[in-house]
Amino acid sequence: MSGHGSPKPMSSAPCGALSGVAEVPGDKSISHRSLILGAMAVGETRITGLLEGEDVLDTARAMRAFGAEVTDHGKGEWSVHGVGVGGFAEPDQVIDCGNSGTGVRLIMGAMASSPISATFTGDASLNKRPMARVTDPLALFGAQAVGRSGGRLPMTIVGAADPVPVRYEVPVPSAQVKSAVLLAGLNAPGQTVVIEKEATRDHTERMLAGFGAVITTETTGEGRVITLTGRPELKPQVIAVPRDPSSAAFPVCAALIVPGSDVLVPGIGLNPTRAGLFTTLREMGADLTYENEREEGGEPVADLRARFSPDMKGIDVPPARAASMIDEYPVLSVVAAFASGVTMMRGVKELRVKESDRIEAMASGLRANGVDVEDGEDWWSVTGHGPGTVKGGATCASHLDHRIAMSFMVMGMATQKPVTVDDGGPIATSFPVFEPLMRQLGADLSHPGA
Ligand code: S3P
């Protein structure tokens, strides 16, 4: 929900070798979609391994507000009794999506082709983020949006009483926009077509097929052309949510930069639209291996083993890989500070409109801790000088952004002096057990002034 109380400063001090098994929580993207698609199916969807972070809990509350019965059975087991496509009730209260861009954008899509209205809000970070990228295509279905200037939340969506299917080329690489259009397309008669020039995470497409929708993806000269037939009856599913590669990134990267470390991160989803960070780290010379590769619930999964890697080199990260590691650039920039040479990250303008402007947030925190960073509108580069060379000692602003806070905590494990963030509270949005999990591996995390 909006805000998470007063700021909670958090420090990470240089630590000894990290070792052990890091069981990271369920995938955030798949968790949101499990609840939303479960709410749009007829009957009971059962979910195990749901991420119980604040972002997903806000989506669970929202689905209840639209009329679905959502039950927490404990230990990541949830059930959703759905109301069917087009069956959403009109919420009688404002929908607060907290910090979650994925939550608000997907839910707006899911309700926009039904004859109901809903008002959405979020925390100070979410209320700054652009929503026109979603409300523009939703208007093509016949929905109307009234928000603050610049298309910001709080915002009311008046759903289309008589929705028409659309053909929409997504102008920015965004799985949230693609998914919002597909979810709106569910309740429009006929075929909704979404075209994306660059492949973004495809969980919505995979899960819609799993729920019984007729959906096809073709790769043509235009890009990925996704065609969905509207008004299906979605069948409830049994979903085992794989562990989140975006959360695995933190213990993996910590192990690579802390001398002597050897950490196993089991059961990580390695969907190719998500695994770009691990490919990049291996190209840099990281000692990162995939063990026990398998398929679970239609997604490729492996156990990741990460060991201290003293000889990593800076590389040019191919811009074509950006979408598959978009949430991982902050922690990659930390690893780059401990590699030798320049790591160049281009084609990453989207980082400027995440939970924070992630280029600005990381660049200023890295510089304050003694790292060389250059940046432009859609690129940035970090020059590293190898293990043990980063000073640390500064306090960084986390800007209500969980991934910024966790990245700086990882950095402090390998700097000469501790690194502090002004607020570790946002970590609970996606990785509520970050602190005990990292401590159990050997991290020295503390709360100054607590
Ligand atoms: C997400 C898509 C990405 C990502 C976000 C989760 C999703 O956002 O950054 O954390 O679950 O669809 P964009 O669609 O804005 O790239």
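This briefing describes two nonpolar cores, a pair of helices and one strand residue. The structure is a predicted model, in which local features need pLDDT of at least 70, side-chain atom pairs count only at pLDDT 80 or more, and totals for chains, interfaces and linings use all residues. Residues are numbered from 1 along each chain as its sequence is written, and side-chain values use heavy atoms, leaving out hydrogens and water.

**Nonpolar cores**
- The largest nonpolar core (buried Ala, Val, Leu, Ile, Met, Phe, Trp, Tyr and Cys residues joined through side-chain atoms within 4.5 Å) has 77 residues, of which F278, L281, Y329, W380 and F434 touch the most other members.
- Helix α7 (residues 245-257) supplies the largest share of this core, nine residues; helices are DSSP runs of H or I with at least four residues, and strands are E runs of at least two, numbered from the N terminus.
- Another core, of 64 residues, lies apart from it and includes L35, V177, V181 and I215.

**Helices α7 and α9**
- The axes of α7 and helix α9 (residues 329-338) come within 10 Å and cross at roughly 5 degrees; axes are lines fitted to C-alpha atoms over the stretch in contact, with angles from 0 to 180 degrees between N-to-C directions.
- α7 is therefore roughly parallel to α9 (angles under 35 degrees).
- A249, F250, C253 and I257 of α7 make the contact (heavy atoms within 4.5 Å) with V331, V334, V335 and F338 of α9.

**Residue V225**
- V225 is found in strand β13 (residues 223-229).
- V225 is buried, with a relative accessible area of 8% (buried means under 20%, with a 1.4 Å probe and protein chains only).
- Beyond its neighbours within four places in sequence, V225 is in contact with V193, V194, I195, T216, T217, E218 and T220.

Note on methods: Buried < 20%, exposed > 50% of the residue type's maximum accessible area, 1.4 Å probe, protein only. Parallel < 35°, antiparallel > 145°, perpendicular 65-115°, else oblique.
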